[in-house]
Amino acid sequence: HNYTEQLAVVNSMSNVLKEHPNIRLLIIDSVAFHFRHDFDNMAKRTRLLSGHAQALNLLASKYSLAVVVTNQMTTKIKTDVGNKMNSVSYLVPALGESWSHAITSRVVLSQTEQTHRIKIKSKRRDHENGKDVYENITEDVIIRQASLVKSPSKQQKTISFIVVQAGIRQIPTKSKKRNEHQHTTASETSDSKKRKSS
């Protein structure tokens with residue numbers, strides 16, 4: 001496959017959506033792959049990506065469709081002009097600024113070095129009794145983050161989540177727990193004062 005086929009598939013999606021009007025989600029994973037490896041002419045790449053984004057936006061608007069595309073990340077190295085030995089590397093979206101301006105909303109997914117302990121019910125076969133045995137075990141899962149960095153109607157925000165067998169689950173923040181605890185304590189104190197004064 002190459003970028004030409006990717007563009008052709010998107011351009012033919014209108015016919016598919018007419019035949020299947022119940023489709024409400026289109027996912028391209030990833031939109032960046034073919035455009036990263038098949039191009040020497042960056043001006044042509046930018047022009048084609050702009051048209052690609054316009055075609056996807058038109059599909060979303062015309063057919064009430066949610067379009068989700070994944071971009072890739074690449075490492076960019078910034079060197080200090082005064083000291084070339086002093087360089088800093090950081091991650092940036094692979095398709096550059098032109099693509100970031102073409103999309104409506106942007107969410108950055110990342111993986112942290114922290115883990116969250118969960119309790120899960122594990123099933124194993126007891127061959128002696130011929131029955132399934134269920135056990136409660138604990139497991140450490142990697143904490144991931146989703147950061148909303150661009151939206152026409154929402155503020156920027158980052159949430160933590162985990163991926164488990166049952167799906168995606170959000171992790172309550174410590175500050176939220178602490179605020180809830182402080183709120184409860186304050187309410188109890190207020191109630192006790194009322195009881196004393198009555």
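This passage describes the fold, the nonpolar cores, the largest pocket, the salt bridges and selected local features of a predicted model.

The protein contains six helices and eight strands. Along the sequence, these elements are arranged in the order α-α-β-α-α-β-β-β-α-β-β-β-β-α. Of the 198 residues in the protein, 20% are buried. Among contacts with a separation of 6 or more, 52% are made by residues that lie 24 or more positions apart.

The interior was examined next. The largest nonpolar core consists of 21 residues, and Phe35, Leu59, Leu95 and Trp99 have the most contacts inside it. Two or more residues of this core are contributed by each of helix 1 (3-11), helix 2 (13-19), strand 1 (25-29) and helix 4. Helix 4 provides the largest share, with five residues. A second core, separate from the other, has five residues and includes Ile118, Ile143, Ile162 and Ile171. The surroundings of Leu95 can be described in further detail. When residues up to four places away in sequence are not counted, Leu95 touches Val31, Ala32, Phe35, Arg45, Leu49 and Asn71.

A pocket analysis gave a further view of the structure. The largest pocket holds about 760 Å³ of space. Its lining is made up of 23 residues, and those nearest the centre of the pocket are Val69, Thr70, Ser105, Arg106 and Val107. At least two lining residues come from each of helix 4 (42-62), strand 2 (66-70), helix 5 (96-102) and strand 5. Strand 2 gives the most to this lining, namely five residues. In terms of residue class, the lining of the largest pocket comprises 15 nonpolar, seven polar and one charged residues. Helix 4 thus appears in two descriptions: it supplies residues to the largest nonpolar core, and it also supplies residues to the lining of the largest pocket.

Charged side chains were considered separately. Two salt bridges were found in a search of the whole structure. One of them pairs Asp140 with Arg117, with the closest N and O atoms 2.9 Å apart. This pair links distant parts of the chain, since Asp140 belongs to strand 6 (residues 131-150) and Arg117 to strand 5 (residues 106-126), with their positions 23 residues apart. Asp140 is classed as partly exposed because its relative accessibility is 42%, whereas Arg117 is classed as exposed because its relative accessibility is 57%. The cut-off for the exposed class is over 50%. The other salt bridge is formed by Asp132 and Arg125, with a distance of 3.0 Å between the closest N and O atoms. Asp132 has a relative accessibility of 36% and therefore counts as partly exposed. Arg125 is also partly exposed, with a relative accessible area of 44%.

Two individual residues illustrate the environments found in the model. His34 is located in helix 3 (residues 33-37). With a relative accessibility of 15%, His34 counts as buried, because the buried class covers values under 20%. Apart from neighbours within four places in sequence, His34 is in contact with His1, Asn2, Tyr3, Gln6 and Phe39. Leu25, by comparison, is located in strand 1 and counts as partly exposed at 48% relative accessibility. Contacts of Leu25, again apart from neighbours within four places in sequence, are made with Leu65, Ala66 and Val68. The C-alpha atoms of Leu25 and Ala60 are separated by 8.9 Å, although these residues are 35 residues apart along the chain.

Finally, two features of the backbone were noted. The peptide bond that joins Asp29 and Ser30 is cis, with omega at about 0°. Ser30 is placed in the loop between strand 1 and helix 3. The other feature concerns Ser64, which has a positive phi of about 50° although it is not a glycine. Ser64 is found in the loop between helix 4 and strand 2. The relative accessible area of Ser64 is 54%, so this residue is exposed.

How values were computed
Residues are numbered from 1 along each chain as its sequence is written. This is a predicted model: local features need pLDDT of at least 70, side-chain atom pairs count only at pLDDT 80 or more; totals for chains, interfaces and linings use all residues. Side-chain values use heavy atoms; hydrogens and water are left out. A salt bridge is a side-chain nitrogen of Lys or Arg within 4 Å of a carboxyl oxygen of Asp or Glu. Helices (H or I, at least four residues) and strands (E, at least two) are DSSP runs, numbered from the N terminus. Buried means under 20% relative accessible area, exposed over 50%, partly exposed in between (1.4 Å probe, protein chains only). On a 1 Å grid over the protein atoms alone, a cavity is a set of points where a 1.4 Å probe fits but cannot get out, and a pocket is an open set with protein on both sides within 12 Å along at least five of seven lines; lining residues have an atom within 4 Å of a point. Grid points are joined across faces, edges and corners, and a volume is the space filled by probe spheres set on the points. Ala, Val, Leu, Ile, Met, Phe, Trp, Tyr, Cys and Pro count as nonpolar, Asp, Glu, Lys and Arg as charged, and the others, Gly among them, as polar. Contact means heavy atoms within 4.5 Å. A nonpolar core is a set of buried Ala, Val, Leu, Ile, Met, Phe, Trp, Tyr and Cys residues joined through side-chain atoms within 4.5 Å.
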